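Biologist: Before we use any structural terms, I should like to see how each of them is justified. Please show me the model, and let us reason from it step by step.

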Amino acid sequence: AAASAAGGAAGHGGAAAARAATLDDARVEPRVITEGVIPGRLDGLCKDVLEVGGGGDCFHRCSAEKFLGGNGRHMEARGRVASRVASCPWLMPGADEAEQTRLLRRLRTEGVCTDGGVELQAAALEFNVIIQIWTAGPAGDYTFFPRNAEGEPLLDESTDVLELAYCGAHYRLVRQRAIPADRQCAAFDFHVRPWAEEASRLLAVAARDALGREGLA
């Protein structure tokens, strides 16, 4: 029995080691980018950016790096986002059952990008985070925040912020940013300043606009 228990313990240890090795294999060594890589306005906006890998997994690698202890756990991040979408069908307005199944399959598949809006909104809910995306193009920036089916914000003192730089269809994790006063978004105001009715109103307006641009309103 003792030998059997020892063997079982060794087996569990081996499985844990295998899982750890898998995560190590999947991990991309983060690389700090400070200038000259993100063109145009992002050079002045984002002072310290972390490259955590791409291949269709860049968003989930950024999430895993920030919230799960390392970008090698990006498939865990994918799975959590997909599960959130499955439990909140209102995140896929107008989609029939076949379209929902197809999207969920893509969300769970390594290296596959989706349309962005659904997974970003689901991630905001799953990780209780305001997702602020700074872009290099003329389209402007995007904000996603935890919300219910009616579009009302679900924010509290534990809500975190995930800042991303988006350029060339690729996400990078922003660690430091310099936001000029005229570019402060309502989501950041709401998160960092004292709770106030006016802040809540501004956030709701900004969020509706952002979701409308993504076709989710």
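Modeller: The model is a predicted one. Let us begin with Arg78 and Asp57, both of which are buried.

Biologist: What makes the contact of Arg78 with Asp57 a salt bridge?

Modeller: The term requires a side-chain nitrogen of Lys or Arg within 4 Å of a carboxyl oxygen of Asp or Glu. For Arg78 and Asp57 the N to O distance is 2.9 Å, so the pair satisfies the definition.

Biologist: Where in the chain do Arg78 and Asp57 lie?

Modeller: Arg78 belongs to helix H4 (residues 74-87), while Asp57 sits in the loop between E2 and helix H3 (58-67). The two are 21 residues apart, and the pair links distant parts of the chain.

Biologist: How many salt bridges does the structure hold?

Modeller: There are seven. One of them joins Glu51 to Arg172, with the closest N and O atoms 2.7 Å apart. Because Glu51 lies in strand E2 (residues 46-51) and Arg172 in strand E6 (residues 171-177), this pair ties together parts 121 residues apart in sequence. Glu51 and Arg172 are both buried.

Biologist: And what of Arg84 and Glu126: how far apart are their closest N and O atoms?

Modeller: They are 3.1 Å apart, and the two residues form a salt bridge. Arg84 is in helix H4 and Glu126 in helix H6 (residues 117-126), so parts 42 residues apart in sequence are tied together. Through shared partners, salt bridges join Arg80, Arg84 and Glu126 into one network.

Biologist: Why is Arg84 called partly exposed?

Modeller: Its relative accessibility is 25%. Buried means under 20% and exposed over 50%, so a value in between is called partly exposed.

Biologist: Why, then, does Thr159 count as buried?

Modeller: Thr159 has 3% relative accessibility, so it counts as buried. This residue is found in the loop between E4 and E5.

Biologist: How do you know that the side chains of Thr159 and Asn128 make a polar contact?

Modeller: Their distance is 3.1 Å. The limit for such a pair of N or O atoms is 3.5 Å, with one able to donate a hydrogen and the other to accept it, so the contact qualifies.

Biologist: What makes strand E3 largely enclosed by the rest of the structure?

Modeller: Seven of the seven residues of E3 (residues 129-135) are buried, so the strand is largely enclosed. Val129, Ile131, Ile133 and Thr135 point one way, and Ile130, Gln132 and Trp134 the other way.

Biologist: Which strand runs parallel to E3?

Modeller: Strand E5 (residues 160-166) does, joined to E3 by seven bridges. Pairing requires at least two bridges, so E3 and E5 count as paired.

Technical notes:
Residues numbered from 1 in each chain as written. Predicted model: local features only at pLDDT ≥ 70, side-chain atom pairs only at ≥ 80, totals over all residues. Heavy atoms only, no water. Buried < 20%, exposed > 50% of the residue type's maximum accessible area, 1.4 Å probe, protein only. Helix = DSSP H or I, 4+ residues; strand = E, 2+ residues; numbered from the N terminus.
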